Amino acid sequence: MLHMGRAVELILDQEEDQPIYMAVKGVVFDVTSGKEFYGRGAPYNALTGKDSTRGVAKMSLDPADLTHDTTGLTAEELESLDDVFTKVYKAKYPIVGYTARRILNEDGSPNLDFKPEDQPHFDIKDEF
């Protein structure tokens, strides 16, 4: 039995070593360097693993706010969202991707307004 318990402990440790991702405004950030804020048991852990745009805008951890939906946000909340997005997330954390909602329109067609080159940590390469 001791060996089985140890195996479970090792699996949990491996999960702890996984990167921590969250999305704001459809941009996926690697917030692993902020593990004390976003890791398991940390104050903002509820924001991770999803697009938490509304929660960031409202400074809310309410499960109902942990969504991409910005419908009905006040001008102040939208301003706060843009401020935190730029001064915290874009300034501190690497961008690792984008949500489908950011790069596709609702009908699944490409979003022609999507410009990844406007994001920090993005390098355009002629060849791979």
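**Entry 1: terms and overall layout**

I take two residues to be in contact when heavy atoms of theirs lie within 4.5 Å. The model I examined is a predicted one. I first listed the secondary structure of the protein chain and found five helices and three strands. Read in sequence order, these elements give the pattern α-β-β-α-α-α-β-α. I then looked up burial: the chain has 128 residues, and 30% of them count as buried. For contacts between residues at least 6 apart in sequence, I noted that 51% join residues at least 24 apart.

**Entry 2: helix 4**

I turned next to helix 4, which runs over residues 75-92 and holds 18 residues. From its first C-alpha to its last I read 25 Å, close to the 26 Å expected at 1.5 Å a residue. Where does helix 4 bend? I found the bend at Phe85, where it comes to about 35 degrees. Phe85 is also one of the buried residues of this helix, together with Glu77, Leu81, Val84, Tyr89 and Lys90. I noted that this buried set includes the charged residue types Glu and Lys, at Glu77 and Lys90.

I then asked what covers the buried residues of helix 4. The cover includes strand 1 (21-24) and strand 2 (27-30), and it also includes helix 2 (35-38) and helix 3.

**Entry 3: the nonpolar core**

I looked up the largest nonpolar core and recorded 18 residues in it. The residues with the most contacts inside this core are Met22, Val24, Phe29, Val31, Tyr38, Val56 and Tyr89. Strand 1, strand 2, helix 3 and helix 4 are the elements that give two or more residues to the core. Which element gives the most? Helix 4 does, with four residues.

I followed one of these core residues, Val31, outward. Leaving aside residues up to four places away in sequence, Val31 touches Ile20, Met22, Tyr38, Thr48, Tyr89 and Tyr93. Among these partners, I noted that Met22, Tyr38 and Tyr89 also appear in the list of residues with the most contacts inside the core.

**Entry 4: Thr53**

I looked up Thr53, which lies in helix 3 (residues 53-58). Is Thr53 buried or exposed? Its relative accessibility is 2%, so I count it as buried, the cut-off for burial being under 20%. A polar atom of its side chain lies 2.6 Å from the backbone nitrogen of Lys25. Beyond residues up to four places away in sequence, Thr53 touches Ala23, Val24, Lys25 and Gly26, and also Thr67, His68, Thr70 and Leu81. Of these, Leu81 is one of the buried residues of helix 4.

**Entry 5: salt bridges**

How many salt bridges does the model hold? I counted three.

The pair I examined to begin with was Asp82 and Lys25, whose closest N and O atoms are 2.7 Å apart. This pair links distant parts of the chain: Asp82 belongs to helix 4, Lys25 to the loop between strand 1 and strand 2, and 57 residues separate them. Asp82 is partly exposed at 38% relative accessibility, and Lys25 is also partly exposed, at 28%.

I next examined Arg54 and Asp65, whose closest N and O atoms are 3.5 Å apart. Here too the pair links distant parts of the chain, with Arg54 in helix 3 and Asp65 in the loop between helix 3 and helix 4, eleven residues apart. Arg54 has a relative accessibility of 14% and therefore counts as buried. Asp65 is buried as well, with a relative accessible area of 10%.

The remaining pair I examined was Asp83 and Lys87, whose side chains meet at 3.0 Å, N to O. Because these two residues are four apart in helix 4, about one helical turn separates them. Asp83 is partly exposed, with a relative accessible area of 36%, whereas Lys87 is exposed at 59%.

**Entry 6: Gln18**

I closed with Gln18, which I located in the loop between helix 1 (2-16) and strand 1. Gln18 has a relative accessible area of 46%, so I recorded it as partly exposed. I also looked up the separation of its C-alpha atom from that of Thr32, which is 8.3 Å for two residues 14 apart along the chain.

Technical notes
Residues numbered from 1 in each chain as written. Predicted model: local features only at pLDDT ≥ 70, side-chain atom pairs only at ≥ 80, totals over all residues. Heavy atoms only, no water. Buried < 20%, exposed > 50% of the residue type's maximum accessible area, 1.4 Å probe, protein only. Polar contact = N/O pair within 3.5 Å; in protein donor to acceptor, adjacent residues only side chain to side chain. Expected span 1.5 Å × (residues − 1). Bend = angle between axes of the 7 residues up to and from the residue. Core = buried A, V, L, I, M, F, W, Y, C linked by side-chain atoms within 4.5 Å. Salt bridge = Lys/Arg side-chain N within 4 Å of Asp/Glu carboxyl O.
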